[in-house]
Structure formats: structure tokens, C-alpha cells
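Visitor: Please pick one part of this structure and take me through it closely. I have not seen it before, so explain each term when it comes up.

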Amino acid sequence: TPRKTYIDLWETITSGKVWTGEFINKRKNKEKYIEKEIISPIRNNEGKIVNYIAIKEDITKQKETQQELKSAKKQAEELSATKDKFFSIIAHDLKNPFNTILGFSDLLLSSHTNIDDKKRELYIKSVYESAKNAYTLLENLLLWARSQRGTIQFNPEQILLKTLFQDIINLHQKTAMKKEISLNYFLTDDINVKADKNMLTSILNNLITNALKFTNIKGKVNLSAVLSENDIKITIEDNGVGMDEETKNKIFDLSTNQSTEGTAGEMGTGLGLVLCKEFVEKHNGKIWIESELGKGSRFIFTLPVE
């Protein structure tokens, strides 16, 4: 019990008033409990305080119930906000690529004989990019939904990071070339990590996609890993647009995360980054951001070493 409580108690009852408050006490078995007390001064015929009377009540269960209700309310509010964001993604972010697909498909069907080869190729590329974006979003939505239900299997295995990094870089090289971005990986050693391959691949794919999205033309994105005694630290670094403190603080929170266009108008939902956090924590790792507006970002996560 704070010292301030005892001071307030004494000042109140010695001034002739009734004091009501709470104490943290110990039972004979040294178990702590919360006690509510009402202490009232007793006066003699002359009005002088001669004693005090106290009414005590063990309110430990009541406090525990209040805390449980508070936690349940907070959880319900978080679930409601997450549900709203989920439907927002389906209604808005998933609708956009299909609008593009339908629009350009209709043009190709109705006017294909009047369109020159250059314009036809542009339309086909737009359909392809929109379909790819819709597929990526659907993939993340399904992964996230399975994660929320706890139905994603966690199967750690020994993975050679060099091989995985090469595969990831090769997968994203075409996207990087479109923006003339230098995309490379660096490893100090041949590092092996015990991790779920599907989850680790999803983490790296989402972080590389995010870095490319927010890096300007002719920028740089680097993927690296360093082995220490306790963990493996993996970093995805870019020299893109960066972010302010407010954005950093809410970037892994689906309920507050907002869709933001990339440097070339790329769309996204932020869902991939939420998945990254969940998958890193599934490995008992940590993920954080170091970033400065206008100077780029570093997404760093750790995986424990067995």
C-alpha cells in the first residue's frame, strides 16, 4: 500500500471525517489480498475524538472480476476494430484491383481490333499487375484468418538462410528492376536457422514488398543477417520515404493501420506487416522499426538461436 494512502487516512480521521479507502494486506499464509476499509472517529460527550471504529471488507474477488470485465471489454473492442478493418479491406482494397481487371478486360474485349500493339500490351500489363496484387492480398487475408483461428501449423526445420535469401531476392528482382531499385542481400556467415519455412518466407516476402513499395526510383533495398550468441538478427533496409513516430507506433496494429500508396502508386493494406509481427512472435522473436522521415527505414527482427 502506498505511503500516501496512510497519510491521507490519518489526516482525514484526525480532522474528524470518515475515511474510505483500500489496502493491500497479507493473510497468515502470506497471501496478498485487497481490503476495503471505512474508518470513522468516535467522539465523547464533549466532541473530542477518543477512538476510531473500522469496518473492513475483503474485496479481492470483486477487484479480480472488475479486472476481468475490463480486459474482456478491451478485447471485445479490439476484435470489433479488427473486424471493421477486415471488412474494409474486403470492401475497398480488394475491390480496387478487380475494378482495374474488369475495366481493362472490357476494353480489350470490346475494342481489341482498334487498339494498337503498344496500348494492348499496356492494358494486359495492368490486368496482370492488378490480378497479382489481388492474389497477394487474398493470400495475406487467408493467412491472417487462419492465424486468428489458430489453425496455422508451426513446423520448425533447419533452414540455410543463404539459399532462402537468394530465392527471395530472385522472386522480387523483376519488381525492383521496374523501379530501377538495387536489391541485394548480405550474409556474414553460412547461417542456419530453425524456423517454420512458410512463415519465414512470408515474413521476408512481406518486408521486401513493403521496402520496394516505399523506395523511390533508383533507390536501394538490402537484406542482411547477423548471427550473435543468442539470436539471428535479420534486417531489411531501404533508403525510401521513411516514416514519422506516429506511423511507426501503429504500423503493426491492424485496427489503426491505414492503406498508403507507394512511391509509384502501389496499393497495400498493411495486413502483411501485421502478419510479420504475428509470425515473428510465434518464433519467440521480436520485430521493430528504425526509421526517419525522408531517410528510409530498417525493419529488424530476431529469431532465437537454439
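Guide: Helix α5 (residues 161-178) lies across three strands, β5, β7 (220-227) and β8 (231-238). The helix runs at about 175 degrees to β5; axes are lines fitted to C-alpha atoms, for helices over the stretch in contact, and angles run from 0 to 180 degrees between N-to-C directions. Contact means heavy atoms within 4.5 Å. Helices (H or I, at least four residues) and strands (E, at least two) are DSSP runs, numbered from the N terminus.

This is a predicted model, in which local features need pLDDT of at least 70 and side-chain atom pairs count only at pLDDT 80 or more, while totals for chains, interfaces and linings use all residues. Residues are numbered from 1 along each chain as its sequence is written, and side-chain values use heavy atoms, with hydrogens and water left out. The pLDDT is the predictor's confidence in each residue, from 0 to 100. Its mean over the protein chain is 85, and 90% of the residues reach 70 or more. Among the elements of the chain, β8 has the highest mean pLDDT, 95, and helix α2 (residues 60-93) the lowest, 76.

The strands under discussion belong to an open sheet of five, in the order β5-β7-β8-β10-β9, with mixed pairing. The edges are β5 (182-187) and β9 (287-292); each has a single partner strand, so one side of each is left without a neighbour in the sheet. From one strand to the next the twist averages 15 degrees. Two strands pair if DSSP finds at least two bridges between them. Strands of a sheet pair through backbone hydrogen bonds, either parallel or antiparallel.

At the β9 edge, β9 and β10 run antiparallel and are joined by six bridges. They form a hairpin with three residues between them, and G294 in the turn has a positive phi of about 85 degrees. E292 has G296 of β10 as its bridge partner, and W288 stands opposite I300 in β10.

In a regular strand the side chains alternate between the two faces of the sheet. Along β9, I287, I289 and S291 point to one face and are buried, whereas W288, E290 and E292 point to the other and are not. Buried means under 20% relative accessible area, exposed over 50%, and partly exposed in between (1.4 Å probe, protein chains only).

S297 is found in β10 (residues 296-304). Because its relative accessible area is 6%, S297 counts as buried. Its side chain makes a polar contact with the side chain of S291, at 2.8 Å. A polar contact is a pair of N or O atoms within 3.5 Å; within protein, one must be able to donate a hydrogen and the other to accept it, and residues adjacent in sequence count only if both atoms are side-chain atoms. Leaving aside neighbours within four places in sequence, S297 is in contact with I236, E237, D238, G242, M243, E290 and S291.

At the other edge, T188 lies in the loop between β5 and β6 (192-196). With a relative accessibility of 54%, T188 counts as exposed. Beyond four places in sequence, its contacts are A225, V226 and L227. The C-alpha atoms of T188 and S224 are separated by 8.4 Å, with the two residues 36 apart along the chain.

The approach to β7 comes next. K218 is found in the loop between α6 (197-213) and β7. Its phi is near 65 degrees, a positive value in a residue other than glycine, and at 61% relative accessibility K218 counts as exposed. In α6, 13 of the 17 residues are buried, so this helix is largely enclosed by the rest of the structure. At 1.5 Å a residue, the 17 residues of α6 should span 24 Å, and its end C-alpha atoms are 24 Å apart, which agrees; the expected span is 1.5 Å times one less than the number of residues. At the start of α6, a side-chain oxygen of D196 reaches to within 3.1 Å of the backbone nitrogen of N198.
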